[in-house]
Amino acid sequence: MRIAVAVSEVGEDDVTFVAEAERLGVDSVWVAEAWGHDAFTPLAFLAARTSRIRLATGIAQLGARTPALLAMSAMSMQALSGGRFLLGLGTSGPQVMEGWHGVRFGSPLAMTRETIEILRTVTAGERLVHDGTVYQLPLPDGAGRAIRSMAPPTPVPVYLAAMGPKNLALTGELAEGWLANAFMPETAAAFLEPLAAGAARAGRAVTDLDVVVPVGVEFTDDEQEAARRHARGYAFTIGAMGNRAQNFYNAAFERQGYGEDVRAVQELWLAGRREQAADRVPLDFGRRTNLLGPPELVRRRIALYRAAGVTTLQAKLTGSLDERLATLATLLELCGEPAERGDRS
């Protein structure tokens, strides 16, 4: 099982952390994109400060860029990094796309499929012609012409952040990897069955994909307190990242057997009772979506992820630079990866 790390900022401490993570044997670093910094610019900076670790957008928002610009950025990152770039994509949600980017959130599934098709056309060095329901290139009523990229062809591995059954099936069919949010190894079938169905359509299996699961990692003797704290953090996800009619996280938790719980939390949050909403989040949400507790307990949790078919754990770490590096070194040891201790001199 590979270990990845996630960073949300790229200050000097974060750059040092990524460089040290590379030295310890970490496979990849993922940079998020919400409504603050973009994902590509920090990765370009990290490409110049590292030599081996793979560099991934986690995730770049579909609709925020045209598919052709997305391909251009990905090809630029491949050239700058010596082929270490992974393109993580996701549809985000209507609150961000329509409120921040001014892009209609009308056909996320079709947009995902067509973006990947266009991306593959461009990166293969073919002339860009696409007749889709979301994108038509060149525009049929304009002066545009079919253009081939000026950059040399280069493969770009695509990872999709998917939670719904249709998007999971599309991921299994088209992507090189899956970024799994709201994932609990105990209820992995809720995700893996549609993922496998999509993979079968393309004549392959889930084992042909890199299954990447984000997890908070915290070594502590008080697993109960840590699990409760992490569970409370889900109140915002359940209550604010969507509305009553559409919340992708809530739907994913419902398919894992927590429908009554997420509805109760959402109602409390929308009623303005946020502390009560946080108290109502099941302890399982903190315990089963993270790696929390003493090392032996974390080791057993890692075995559950491995048994569920997870190939990469994306560690989300907090604390000072030294604390994050110490946690990371312990995690690598528990996963059987090389972890070199010592000073950073």
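Contact here means heavy atoms within 4.5 Å. The model is predicted: local features need pLDDT of at least 70, side-chain atom pairs count only at pLDDT 80 or more, and totals for chains, interfaces and linings use all residues. Residues are numbered from 1 along each chain as its sequence is written, and side-chain values use heavy atoms, without hydrogens and water.

Beyond its neighbours within four places in sequence, Leu313 is in contact with ten residues named here: Met1, Arg2, Ile3, Ala4, Val213, Val215, Leu291, Ile302, Tyr305 and Cys335. Leu313 also belongs to the largest nonpolar core, which has 89 residues. A nonpolar core is a set of buried Ala, Val, Leu, Ile, Met, Phe, Trp, Tyr and Cys residues joined through side-chain atoms within 4.5 Å. Buried means under 20% relative accessible area (1.4 Å probe, protein chains only). Trp178, Phe183, Leu313 and Leu328 touch the most other members. Helix α9 (residues 248-270) gives the most to this core, with seven residues. Helices are DSSP runs (H or I, at least four residues), numbered from the N terminus. Another core, of nine residues, lies apart and includes Trp30 and Tyr159.

Helix α2 (residues 40-49) packs against helix α1 (residues 12-24) at about 55 degrees, with the axes 10 Å apart. Axes are lines fitted to C-alpha atoms over the stretch in contact, and angles run from 0 to 180 degrees between N-to-C directions. Glu12, Val15, Val18 and Ala19 of α1 meet Phe45, Leu46 and Arg49 of α2. The axes of α2 and helix α3 (residues 67-81) come within 9 Å and cross at roughly 15 degrees.

Technical notes: Buried < 20%, exposed > 50% of the residue type's maximum accessible area, 1.4 Å probe, protein only. Helix = DSSP H or I, 4+ residues; strand = E, 2+ residues; numbered from the N terminus.
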